[in-house]
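Q: Please take a close look at one part of this structure for me. I would like to understand the largest pocket and what surrounds it.

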Amino acid sequence: MTNEEIFIRLITALVLGMLIGFERILNKHEAGVRTHGIVSMGSALFVITGIIASIQLNTSQIETIRIIGQIVAGIGFLGAGLIFISKDGNKKKGLTSAATLWATSGVGAAAGFGLTYLASLATFLTLFTLVFMSSIEWSFVKMFKGK
């Protein structure tokens with residue numbers, strides 16, 4: 001893997017993660033541009049490091065797959081910190097931000113593997129869900145609560 005490929009993969013992960021974070025910050029949610037960008041780029045960094053290490057150490061790519069599993073586990077802890085229950089105990093907050101952070105780590109992992117199309121598609125689908133499904137979701141809630 002060349003330095004240029006590494007640069008492109010890390011920048012791709014960073015930019016795509018930041019796009020997702022931008023939506024979060026526009027809607028005044030926790031974990032914004034910097035957090036999502038760093039999570040995505042960090043995931044790509046771990047994947048790239050795994051790829052390079054497996055080549056240099058002449059080991060199987062299974063170790064790189066194990067790294068992805070550890071990314072998922074680590075992001076779970078980070079996401080859990082975003083979730084809290086309202087004072088009245090009836091409403092959970094931060095679930096979408098936690099899920100978005102988790103998906104962003106997947107975007108970074110895909111970018112780290114050089115799967116730019118997959119990372120871009122996942123970013124688009126995440127943003128589509130966050131931006132457009134919110135209004136559709138609330139329309140359904142209003143429609144069914146009204147009955």
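A: What follows starts with the whole chain, then turns to the pocket and to some residues of interest.

This is a predicted model. The chain has 147 residues, and 32% of them count as buried. It holds five helices and two strands. Read from the N terminus, their order is α-α-α-β-β-α-α. The C-alpha trace spans about 65 × 30 × 25 Å along its principal axes. About 9500 Å² of the chain is exposed, and carbon and sulfur atoms supply 69% of that area.

Contacts tell us how parts of the chain meet. Take those between residues with a separation of 6 or more: 63% of them join residues 24 or more positions apart.

Now for the pocket. The largest pocket has a volume of about 760 Å³. Its lining is made up of 23 residues. Several elements give two or more residues to that lining: helix 1, strand 2 (92-93), helix 4 (95-112) and helix 5 (116-145). Helix 5 gives the most, with eight residues.

Which residues lie nearest the centre of the largest pocket? They are Arg-24, His-29, Thr-96, Glu-137 and Trp-138.

What is the lining like by class? Nine of its residues are charged, seven are polar and seven are nonpolar.

Arg-24 deserves a second look. It is one of the residues nearest the pocket centre, and Arg-24 also forms a salt bridge with Glu-23. The closest N and O atoms of this pair are 2.9 Å apart. A salt bridge here needs the nitrogen and the oxygen within 4 Å of each other, so the pair at 2.9 Å qualifies. Side chains of opposite charge can pair when their charged atoms come close. The structure holds one salt bridge, and both of its partners, Glu-23 and Arg-24, are buried.

Finally, consider Thr-12. Its place is in helix 1, which covers residues 3-26. Helix 1 is also among the elements that give two or more residues to the pocket lining. Is Thr-12 buried or exposed? Its relative accessible area is 17%. Buried means under 20%, so Thr-12 counts as buried. Leaving out residues up to four places away in sequence, Thr-12 touches Ala-111 and Thr-116. Helix 4 runs over 95-112 and helix 5 over 116-145, so these ranges take in Ala-111 and Thr-116, the contacts of Thr-12.

Conventions
Residues numbered from 1 in each chain as written. Predicted model: local features only at pLDDT ≥ 70, side-chain atom pairs only at ≥ 80, totals over all residues. Heavy atoms only, no water. Salt bridge = Lys/Arg side-chain N within 4 Å of Asp/Glu carboxyl O. Buried < 20%, exposed > 50% of the residue type's maximum accessible area, 1.4 Å probe, protein only. Helix = DSSP H or I, 4+ residues; strand = E, 2+ residues; numbered from the N terminus. Contact = heavy atoms within 4.5 Å. 1 Å grid on protein atoms, 1.4 Å probe; cavity = no way out; pocket = protein on both sides within 12 Å on 5 of 7 lines; lining within 4 Å. Points joined across faces, edges and corners; volume = space filled by probe spheres on them. Nonpolar A, V, L, I, M, F, W, Y, C, P; charged D, E, K, R; others polar. Areas by Shrake-Rupley, 256 points an atom, 1.4 Å probe, with all protein chains shown as cover.
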